[in-house]
Amino acid sequence: MSDLDLLLRTTFGYSSFRPLQREICEAALAGKDVFALLPTGGGKSLCFQLPALARDGLTVVVSPLIALMKDQVDALQASGVAATFLNSTLDAENARSRLRGLHRGEFRLLYAAPERLLLEGWEENLRHWNVTAIAIDEAHCVSEWGHDFRPEYRQLSRLRAALPEVPMMALTATATGRVREDIVRQLGLRTPEVFVASFNRPNLTYRVLPKDEPLKQVIAFVRQREGDSGIIYCASRAATERVAEALAGRGFAARPYHAGLDAETRARHQEAFLRDETRIICATIAFGMGINKPNVRWVIHHDLPKNIEGYYQETGRAGRDGLPGDCLLLFSPGDIAKQTHFLDEITDAQEQQVARTQLRQIVHFAESAGCRRAELLAYFGETYPEPACGACDNCLEPRETYDGTLVAQKFLSCVYRIVRHSGFSVGLNHVIEVLTGAGTEKIRRWGHDRLTTYGIGAELDRTQWAGVGRELLRLGLLQVATGEFATLELTEAGTEALRQRTPVTLTKPLVLPQARRSVARRAGEIECDEILFARLRGLRKRLADERRVPAYIIFGDNTLRAMARHYPTEDAQLEGIPGIGERKRAEFGALFTAEIAAYLANHSRQAFND
């Protein structure tokens, strides 16, 4: 067994690495600069924590997330690792005590915000502390092309100048090719080893439902998962308050989280969620960046996200422990109209055009009849190798198709005749108004009420026609013209389909399911004795409360489920249970095996298939 394998098992309690973790650790220990792109839940932290234990000296971890530093350090200390953090939450005496420990070489890992490391005099500190590695977490913050640019991250290049011989590792969960290049350049990485993992999260199930009385839909979804933690993302502060209030009124432990709440209330709600006192957080996108809660079992998008990248990140907060997570998006054409209205208020033309493109991409995802996993991966430039993933609504319950040749002909013909008559193209809504025979001022002014296609679409309502139009865009028969306005024009394929009357197959729109259907066994699922699992969760909660730490600092759900499957009643039987390193086994092992033995005194063991 290698030193890395031994450290992984004895410190963190795991018998195998996740994809690319071993290779990243080995490159770091070889003294190379490293760029690592691992998706949320891919185990980024271990990539710098493990090498820090395998080498001498101090590893400095730069993180913008103050709330996350304490959690990570608590988790490391619970596993017997000498780690500390320095940030603005510490009082003067506490900070001085930690600085003294750093000067004495007591720590293997130091977490700090970038502005702390750039204070006057700190370069001298770093030189005296025997720093042997620097890890830049959330490295996309260094790039103004990234989704969370932070100017103070630009100054981190000074670390390279101050400690030129110290290898540097940059880690992020999302970065386009352009952002990756910018990170390498801004941080001054020297011919780095580059590792890019798959964006696939096989343990997540993706579903989209047409939004219909969303409060009732949310309540029905949550009722089926009463013991689980989840996040509900809403587009507005008012919606987060409304949904949280509705859930709390029905007995669910739910709280809102948004930028309109004062800092103390936000911190209190976040802490309650981390400690499993509140099961549900109803939040705007302000919530999540600083959350290291591995047992979030589900994420609901009450409203349409602004873009696919945001949707991917937010759904990625489910199932970080590798156990199954459910992701539900409630979708309505009304949400498109709301988002479009917000986009109209953007004054910068280029920024508005980018936002419109991103909105079309997330709408395409929501309305698509194809595999949702394949759609997500394609956005990040990755091809899903299977024809169906078996873990999204479209693969589990494929949508019906129909012969849409007639409606496609009407729509394409209307677009063609408007351009021919007026010499310019128009947007989706105007085409629909012509098809449905609307009497708008623009239609009369431009003479579109005299077109042969005026009023020929009375058999469908405006929402249905909008769905047809967006499907024709997806099929490549229409395209959005380049320029300031999002107008429609025929593609070559669309012109050919109109001329040849080519048969067009369309997908029926999303419909509400009549009943919840059983689904196949999901990736990452650990079948276990659910009554014992609940009992072990109760013990974990008591131990966590005594120590004033989140429950997952004691053990993760995957560890408890493995115990509730294998029924270890003595210390030796804990061998092989994931997530139990030597320190945790010594501190908590006897308590959990005693709880299992007490349970078995009154309950029989269940048998499970391998």
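In this predicted model, helix α26 makes a handy way in: D557, N558, T559, L560, R561, A562, M563, A564 and R565 are buried there. That adds up to nine of the ten residues of the helix, which spans residues 557-566, so α26 is largely enclosed by the rest of the structure. The cover over these buried residues includes strand β12 (296-301) along with helices α24 (530-547) and α27 (582-600). Right after α26 comes Y567, whose phi is positive, at about 55°.

Strand β12, part of that cover, leads on to a sheet. It belongs to an open sheet of six strands, ordered β8-β13-β12-β9-β11-β10 and paired in parallel. At the edges sit β8 (204-210) and β10 (254-257), each with pairing on one side only. On average, neighbouring strands in this sheet are turned by 15° against each other, leaving direction aside. Within the sheet, β12 and β13 (residues 325-331) run parallel and are joined by four bridges. Here I300 has L328 of β13 standing opposite. Helix α14 (residues 308-315) packs on this sheet, where it touches β8, β9, β12 and β13, and its direction makes about 150° with that of β12. Another helix, α11 (residues 214-223), lies across β8, β9 (229-233), β11 (280-283), β12 and β13. Its run is at about 170° to β13.

The model also has an open sheet of seven strands, again with parallel pairing, and here the order reads β3-β4-β2-β5-β6-β1-β7. Its edge strands are β3 (83-86) and β7 (193-196), and each of them pairs on one side only. Neighbouring strands are turned by 15° against each other on average, with direction ignored. Helix α4 (residues 66-78) packs on the sheet and touches β3 and β4 (109-112), with its direction at about 165° to that of β3. Helix α10 (residues 177-187), for its part, lies across β1, β5 (131-136), β6 and β7 and runs at about 150° to β6.

Strand β2 of this sheet deserves a look of its own. Five of its five residues (58-62) are buried, so β2 is largely enclosed by the rest of the structure. In a regular strand, side chains alternate between the two faces of the sheet. In β2, L58, V60 and V62 point one way while T59 and V61 point the other, and all are buried. The strand has β5 as a parallel partner over five bridges, and L58 has V131 as its bridge partner in β5. β2 also runs parallel to β4, with four bridges joining the two. In that pairing, V60 stands opposite L110 in β4.

Further along the sheet order comes β1, which is covered on both faces: V34 and A36 on one side and F35 and L37 on the other are all buried. β1 (residues 34-37) pairs with β6 (residues 168-172) in the parallel sense over four bridges. Four bridges also join β1 to β7, again running parallel. F35 takes part in both pairings, with A170 as its bridge partner in β6 and V194 as its bridge partner in β7.

Then there are the aromatic rings. A pair of rings is described by the distance of the centres and the angle of the planes. The model has 13 aromatic pairs. One of them is formed by Y379 and F380, whose ring centres lie 5.0 Å apart with planes at 90°, so this pair is edge-to-face. How exposed are these two residues? Y379 is partly exposed, with a relative accessible area of 29%, whereas F380 has 18% relative accessibility and counts as buried, because the cut-off for buried is under 20%. Both residues also belong to a cluster, in which ring pairs link them with F199 and Y312.

Charged side chains turn up over rings as well. The charged end of K293 sits over the ring of F273, at 5.1 Å from the ring centre. A comparable arrangement involves R372 and F365: the charged end of R372 sits over the ring of F365, 5.6 Å from its centre.

Conventions: Residues numbered from 1 in each chain as written. Predicted model: local features only at pLDDT ≥ 70, side-chain atom pairs only at ≥ 80, totals over all residues. Heavy atoms only, no water. Pairing = 2+ DSSP bridges. Axes fitted to C-alpha atoms, helices over the stretch in contact; angles between N-to-C directions. Contact = heavy atoms within 4.5 Å. Buried < 20%, exposed > 50% of the residue type's maximum accessible area, 1.4 Å probe, protein only. Phe/Tyr/Trp six-rings, centres within 6.5 Å; stacked < 30°, edge-to-face > 60°. Lys NZ or Arg CZ within 6 Å of the ring centre and 35° of its normal.
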